[in-house]
Amino acid sequence: MAIGVFDSGVGGLTVHRELTRRFPDRDFVYLADQANAPYGGRGGEEIVELTRAGCERLFEAGANVIVLACNTASAIALRRLQQTWVPEARARHGRPINVLGIIVPTIEAATGLPWTFEAERRGEKIEAIDITGVFCTAATAMSRVYEIEIDKRREDLAVFSEPCPGLAGLIELGAPAEELKVVVEDHVDSLRRRIGRHPDQAILGCTHYEIVADLFAAALPAGTPVIHQPTAVADALSRYFERHPEYDLGGSGRRDFLTSGKAGPQSDLVAQFWGAPLTFTPA
(Lines give C-alpha, C1' and ligand atoms only; values in the text may rest on other atoms or scores of the structure.)
Protein backbone atom coordinates (compact mmCIF):
# COMPACT_ATOMS: atom_id res chain seq x y z
CA MET A 1 0.00 0.00 0.00
CA ALA A 2 1.16 3.55 -0.68
CA ILE A 3 0.47 7.27 -0.73
CA GLY A 4 -0.59 8.33 -4.21
CA VAL A 5 0.20 11.72 -5.69
CA PHE A 6 -1.66 12.85 -8.82
CA ASP A 7 -1.14 15.78 -11.17
CA SER A 8 -1.77 16.58 -14.80
CA GLY A 9 2.00 16.72 -15.26
CA VAL A 10 5.26 17.32 -13.44
CA GLY A 11 4.10 20.17 -11.20
CA GLY A 12 2.90 17.76 -8.54
CA LEU A 13 6.49 16.61 -8.07
CA THR A 14 6.95 19.73 -5.94
CA VAL A 15 4.41 18.35 -3.46
CA HIS A 16 5.66 14.79 -3.89
CA ARG A 17 9.22 15.77 -3.00
CA GLU A 18 8.15 17.46 0.23
CA LEU A 19 5.93 14.52 1.18
CA THR A 20 8.76 12.04 0.69
CA ARG A 21 10.96 14.22 2.92
CA ARG A 22 8.24 14.25 5.58
CA PHE A 23 7.46 10.52 5.28
CA PRO A 24 10.76 8.98 4.08
CA ASP A 25 9.87 5.38 4.97
CA ARG A 26 6.45 5.37 3.33
CA ASP A 27 5.76 3.99 -0.13
CA PHE A 28 4.75 6.47 -2.84
CA VAL A 29 3.34 6.18 -6.34
CA TYR A 30 3.16 9.29 -8.53
CA LEU A 31 0.96 9.59 -11.62
CA ALA A 32 1.30 12.36 -14.19
CA ASP A 33 -1.53 12.59 -16.73
CA GLN A 34 0.81 14.07 -19.30
CA ALA A 35 -1.30 12.80 -22.20
CA ASN A 36 -3.93 15.35 -21.20
CA ALA A 37 -1.83 18.10 -19.59
CA PRO A 38 -2.38 20.88 -18.80
CA TYR A 39 -5.83 20.85 -17.20
CA GLY A 40 -6.15 24.61 -16.73
CA GLY A 41 -7.86 25.31 -20.04
CA ARG A 42 -10.23 22.31 -20.02
CA GLY A 43 -13.93 22.24 -19.17
CA GLY A 44 -15.24 21.24 -15.76
CA GLU A 45 -16.77 17.87 -16.69
CA GLU A 46 -13.63 16.85 -18.54
CA ILE A 47 -11.46 17.76 -15.55
CA VAL A 48 -13.69 15.69 -13.24
CA GLU A 49 -13.50 12.64 -15.51
CA LEU A 50 -9.75 12.88 -16.07
CA THR A 51 -9.16 13.23 -12.33
CA ARG A 52 -11.44 10.28 -11.55
CA ALA A 53 -9.61 8.10 -14.08
CA GLY A 54 -6.22 9.09 -12.66
CA CYS A 55 -7.32 8.31 -9.10
CA GLU A 56 -8.69 4.94 -10.15
CA ARG A 57 -5.34 4.08 -11.73
CA LEU A 58 -3.55 5.01 -8.50
CA PHE A 59 -5.93 2.90 -6.41
CA GLU A 60 -5.20 0.00 -8.76
CA ALA A 61 -1.48 0.65 -8.20
CA GLY A 62 -1.98 0.22 -4.45
CA ALA A 63 -2.54 3.77 -3.21
CA ASN A 64 -4.74 4.11 -0.14
CA VAL A 65 -4.66 7.91 0.17
CA ILE A 66 -4.30 10.10 -2.92
CA VAL A 67 -3.20 13.72 -2.82
CA LEU A 68 -4.43 15.75 -5.77
CA ALA A 69 -1.27 17.80 -6.26
CA CYS A 70 -3.09 19.90 -8.83
CA ASN A 71 -4.99 23.08 -7.96
CA THR A 72 -7.27 22.75 -10.99
CA ALA A 73 -8.31 19.21 -10.09
CA SER A 74 -8.69 20.16 -6.42
CA ALA A 75 -10.82 23.21 -7.25
CA ILE A 76 -13.02 21.60 -9.91
CA ALA A 77 -13.19 17.85 -9.22
CA LEU A 78 -12.35 17.04 -5.60
CA ARG A 79 -15.65 17.77 -3.86
CA ARG A 80 -17.69 15.88 -6.43
CA LEU A 81 -15.40 12.87 -6.31
CA GLN A 82 -15.46 12.80 -2.50
CA GLN A 83 -19.23 13.00 -2.41
CA THR A 84 -20.25 10.75 -5.31
CA TRP A 85 -17.36 8.48 -6.28
CA VAL A 86 -15.02 7.80 -3.37
CA PRO A 87 -17.66 5.92 -1.28
CA GLU A 88 -18.36 3.61 -4.21
CA ALA A 89 -14.64 3.13 -4.91
CA ARG A 90 -14.02 2.39 -1.22
CA ALA A 91 -16.63 -0.38 -1.28
CA ARG A 92 -15.36 -1.75 -4.58
CA HIS A 93 -11.71 -1.92 -3.49
CA GLY A 94 -12.61 -3.23 -0.04
CA ARG A 95 -10.15 -1.12 1.93
CA PRO A 96 -9.90 2.36 3.50
CA ILE A 97 -9.19 4.85 0.70
CA ASN A 98 -9.59 8.58 0.25
CA VAL A 99 -8.76 11.48 -2.07
CA LEU A 100 -7.46 14.73 -0.59
CA GLY A 101 -6.72 18.10 -2.16
CA ILE A 102 -4.19 20.87 -1.74
CA ILE A 103 -6.41 23.96 -1.62
CA VAL A 104 -7.65 23.45 1.96
CA PRO A 105 -4.08 23.33 3.40
CA THR A 106 -3.13 26.35 1.28
CA ILE A 107 -6.03 28.43 2.57
CA GLU A 108 -5.24 27.40 6.15
CA ALA A 109 -1.65 28.56 5.62
CA ALA A 110 -2.74 31.82 3.97
CA THR A 111 -5.27 32.75 6.66
CA GLY A 112 -3.57 31.23 9.70
CA LEU A 113 -6.92 29.66 10.58
CA PRO A 114 -8.29 26.09 10.51
CA TRP A 115 -10.62 25.10 7.68
CA THR A 116 -13.52 24.71 10.15
CA PHE A 117 -13.31 28.38 11.19
CA GLU A 118 -15.88 30.80 9.77
CA ALA A 119 -15.73 34.49 10.60
CA GLU A 120 -18.62 36.14 12.44
CA ARG A 121 -20.01 38.93 10.29
CA ARG A 122 -20.64 42.00 12.44
CA GLY A 123 -20.92 44.61 9.72
CA GLU A 124 -18.08 46.60 11.22
CA LYS A 125 -15.79 48.70 9.05
CA ILE A 126 -12.46 47.00 8.33
CA GLU A 127 -9.70 49.50 9.03
CA ALA A 128 -6.89 47.75 7.16
CA ILE A 129 -7.06 45.20 4.36
CA ASP A 130 -4.14 43.13 3.16
CA ILE A 131 -4.06 41.79 -0.37
CA THR A 132 -3.32 38.20 -1.29
CA GLY A 133 -2.36 37.58 -4.90
CA VAL A 134 -3.01 34.11 -6.34
CA PHE A 135 -1.12 33.07 -9.46
CA CYS A 136 -3.03 30.16 -10.98
CA THR A 137 -4.51 28.52 -14.05
CA ALA A 138 -7.54 29.93 -15.84
CA ALA A 139 -9.79 27.15 -14.49
CA THR A 140 -8.74 27.78 -10.89
CA ALA A 141 -9.28 31.52 -11.33
CA MET A 142 -12.75 30.95 -12.80
CA SER A 143 -13.71 28.75 -9.84
CA ARG A 144 -13.00 31.68 -7.46
CA VAL A 145 -12.25 29.11 -4.76
CA TYR A 146 -9.55 31.22 -3.13
CA GLU A 147 -11.67 34.38 -3.11
CA ILE A 148 -14.69 32.57 -1.66
CA GLU A 149 -12.99 30.45 0.96
CA ILE A 150 -10.56 33.08 2.25
CA ASP A 151 -13.37 35.65 2.54
CA LYS A 152 -15.32 33.20 4.72
CA ARG A 153 -12.50 33.24 7.24
CA ARG A 154 -10.81 36.64 6.98
CA GLU A 155 -12.68 39.84 6.13
CA ASP A 156 -9.39 41.72 6.33
CA LEU A 157 -7.86 39.77 3.42
CA ALA A 158 -8.76 40.70 -0.16
CA VAL A 159 -7.91 38.13 -2.82
CA PHE A 160 -7.03 38.78 -6.46
CA SER A 161 -6.37 35.82 -8.73
CA GLU A 162 -4.08 36.25 -11.72
CA PRO A 163 -4.68 33.55 -14.36
CA CYS A 164 -1.46 32.56 -16.10
CA PRO A 165 -2.60 30.68 -19.22
CA GLY A 166 0.16 28.73 -20.88
CA LEU A 167 2.68 28.98 -18.04
CA ALA A 168 2.13 25.44 -16.75
CA GLY A 169 2.50 24.14 -20.29
CA LEU A 170 5.80 25.95 -20.77
CA ILE A 171 7.13 24.51 -17.52
CA GLU A 172 5.91 21.05 -18.51
CA LEU A 173 7.82 21.31 -21.78
CA GLY A 174 11.00 22.47 -20.05
CA ALA A 175 11.09 25.98 -21.52
CA PRO A 176 14.32 27.98 -21.02
CA ALA A 177 14.61 30.03 -17.83
CA GLU A 178 14.90 33.23 -19.85
CA GLU A 179 11.53 32.62 -21.50
CA LEU A 180 9.86 31.67 -18.22
CA LYS A 181 11.30 34.75 -16.51
CA VAL A 182 9.61 37.07 -19.02
CA VAL A 183 6.24 35.31 -18.65
CA VAL A 184 6.38 35.36 -14.84
CA GLU A 185 7.35 39.04 -14.76
CA ASP A 186 4.48 39.88 -17.11
CA HIS A 187 1.94 38.20 -14.82
CA VAL A 188 3.33 39.77 -11.67
CA ASP A 189 3.15 43.18 -13.34
CA SER A 190 -0.35 42.47 -14.66
CA LEU A 191 -1.54 41.77 -11.12
CA ARG A 192 0.18 44.92 -9.84
CA ARG A 193 -1.60 47.04 -12.45
CA ARG A 194 -4.99 45.50 -11.64
CA ILE A 195 -4.83 46.14 -7.90
CA GLY A 196 -2.76 49.32 -8.02
CA ARG A 197 0.14 47.89 -6.02
CA HIS A 198 1.89 44.62 -5.31
CA PRO A 199 0.15 42.07 -3.06
CA ASP A 200 1.08 41.75 0.61
CA GLN A 201 1.47 38.00 0.16
CA ALA A 202 1.31 35.63 -2.78
CA ILE A 203 0.06 32.11 -3.35
CA LEU A 204 1.56 30.00 -6.12
CA GLY A 205 -1.77 28.38 -6.93
CA CYS A 206 -0.44 25.88 -9.44
CA THR A 207 2.07 23.25 -8.39
CA HIS A 208 3.97 23.75 -11.65
CA TYR A 209 4.77 27.29 -10.52
CA GLU A 210 6.67 26.00 -7.49
CA ILE A 211 9.32 24.71 -9.92
CA VAL A 212 10.00 28.35 -10.85
CA ALA A 213 9.30 29.82 -7.40
CA ASP A 214 12.61 31.66 -7.58
CA LEU A 215 11.37 33.58 -10.63
CA PHE A 216 8.21 34.67 -8.80
CA ALA A 217 10.25 35.69 -5.76
CA ALA A 218 12.55 37.77 -7.98
CA ALA A 219 9.61 39.46 -9.75
CA LEU A 220 7.80 40.36 -6.52
CA PRO A 221 9.15 43.02 -4.12
CA ALA A 222 11.88 41.66 -1.89
CA GLY A 223 10.53 40.05 1.25
CA THR A 224 7.00 39.41 -0.07
CA PRO A 225 5.73 36.31 1.79
CA VAL A 226 4.94 33.43 -0.55
CA ILE A 227 2.68 30.56 0.54
CA HIS A 228 4.40 27.36 -0.56
CA GLN A 229 1.87 24.61 -1.14
CA PRO A 230 4.24 21.64 -0.66
CA THR A 231 4.98 22.61 2.94
CA ALA A 232 1.33 23.39 3.70
CA VAL A 233 0.20 20.04 2.25
CA ALA A 234 2.84 18.05 4.14
CA ASP A 235 1.81 19.71 7.41
CA ALA A 236 -1.87 18.96 6.77
CA LEU A 237 -1.20 15.34 5.77
CA SER A 238 0.77 14.75 8.96
CA ARG A 239 -2.26 15.89 10.95
CA TYR A 240 -4.57 13.78 8.80
CA PHE A 241 -2.63 10.57 9.40
CA GLU A 242 -2.60 11.26 13.15
CA ARG A 243 -6.40 11.32 13.02
CA HIS A 244 -6.66 8.29 10.70
CA PRO A 245 -4.37 5.45 11.78
CA GLU A 246 -6.42 2.97 9.76
CA TYR A 247 -4.44 3.63 6.59
CA ASP A 248 -1.72 1.16 5.59
CA LEU A 249 0.90 3.27 3.82
CA GLY A 250 3.72 0.75 3.32
CA GLY A 251 7.14 1.00 4.85
CA SER A 252 9.70 0.05 2.24
CA GLY A 253 10.39 3.54 0.91
CA ARG A 254 9.23 2.54 -2.59
CA ARG A 255 9.05 5.30 -5.22
CA ASP A 256 7.13 4.67 -8.46
CA PHE A 257 6.65 7.31 -11.18
CA LEU A 258 3.94 6.70 -13.80
CA THR A 259 2.75 8.71 -16.79
CA SER A 260 -0.15 8.49 -19.22
CA GLY A 261 2.07 10.27 -21.74
CA LYS A 262 5.42 9.44 -23.26
CA ALA A 263 7.47 7.36 -20.85
CA GLY A 264 11.16 8.03 -20.31
CA PRO A 265 13.37 10.80 -18.96
CA GLN A 266 11.77 14.11 -18.03
CA SER A 267 13.01 17.54 -19.11
CA ASP A 268 16.23 19.16 -17.95
CA LEU A 269 14.13 21.68 -16.00
CA VAL A 270 12.52 18.85 -14.02
CA ALA A 271 15.89 17.17 -13.49
CA GLN A 272 17.35 20.43 -12.14
CA PHE A 273 14.41 20.89 -9.80
CA TRP A 274 14.39 17.26 -8.66
CA GLY A 275 18.15 17.19 -8.17
CA ALA A 276 18.71 14.17 -10.42
CA PRO A 277 17.45 12.72 -13.71
CA LEU A 278 13.91 11.40 -13.38
CA THR A 279 12.34 8.72 -15.57
CA PHE A 280 8.63 7.88 -15.77
CA THR A 281 7.21 4.48 -16.71
CA PRO A 282 3.95 3.86 -18.62
CA ALA A 283 0.77 4.07 -16.56
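Which residues does Val 67 touch, not counting residues up to four places away in sequence? Val 67 touches Gly 4, Val 5, Phe 6, Val 15, Leu 19, Leu 100, Ile 102, Val 233 and Leu 237, where contact means heavy atoms within 4.5 Å.

## Ground rules

This is a predicted model, in which local features need pLDDT of at least 70 and side-chain atom pairs count only at pLDDT 80 or more, while totals for chains, interfaces and linings use all residues. Residues are numbered from 1 along each chain as its sequence is written, and side-chain values use heavy atoms, with hydrogens and water left out.

## Val 67 and the mixed sheet

Let us stay with Val 67, which lies in strand 3 (residues 63–68); helices (H or I, at least four residues) and strands (E, at least two) are DSSP runs, numbered from the N terminus. Its relative accessibility is 1%, so Val 67 counts as buried (under 20% relative accessible area; exposed is over 50% and partly exposed in between, with a 1.4 Å probe and protein chains only). Tyr 30 is 37 residues from Val 67 in sequence, and the two are 9.6 Å apart in space, C-alpha to C-alpha.

Strand 3 belongs to an open sheet of 7 strands in the order 4-3-1-2-9-11-10, with mixed pairing (two strands pair if DSSP finds at least two bridges between them). At its edges, strand 4 (98–100) and strand 10 (264–265) each pair on one side only. Strand 9 (residues 255–259) and strand 11 (residues 279–282) are parallel and share 2 bridges; here Leu 258 stands opposite Thr 281. Helix 1 (residues 13–22) packs on the sheet, and its direction makes about 175° with that of strand 2 (28–32). Helix 11 lies across strand 1, strand 3 and strand 4, at about 150° to strand 3. For these angles, axes are lines fitted to C-alpha atoms, for helices over the stretch in contact, and values run from 0 to 180 degrees between N-to-C directions.

## The parallel sheet

Another open sheet has 4 strands in the order 6-5-7-8, with parallel pairing. Strand 6 (157–163) and strand 8 (226–227) each have a single partner strand, so one side of each is left without a neighbour in the sheet. Strand 5 (residues 130–136) is joined to strand 6 by 7 bridges, and one of the bridge partners is Ala 158, for Ile 131. Helix 9 lies across strand 5 and strand 6, running at about 135° to strand 6.

## Nonpolar cores

The largest nonpolar core (buried Ala, Val, Leu, Ile, Met, Phe, Trp, Tyr and Cys residues joined through side-chain atoms within 4.5 Å) has 51 residues. Its largest share, 6 residues, comes from helix 9 (residues 177–195). Phe 216 is among those with the most contacts inside this core, and the residues Phe 216 touches include Phe 135, Leu 167 and Tyr 209. A second, separate core of 26 residues includes Val 29, Tyr 39, Val 48 and Leu 68.

## Helix 5

In helix 5 (residues 103–111), 7 of the 9 residues are buried, so this helix is largely enclosed by the rest of the structure. Among the buried residues are Thr 106, Glu 108 and Thr 111. Their cover includes helix 3 (71–76), helix 7 (145–153) and helix 11 (229–243). Just after helix 5, Gly 112 takes a positive phi of about 70°.
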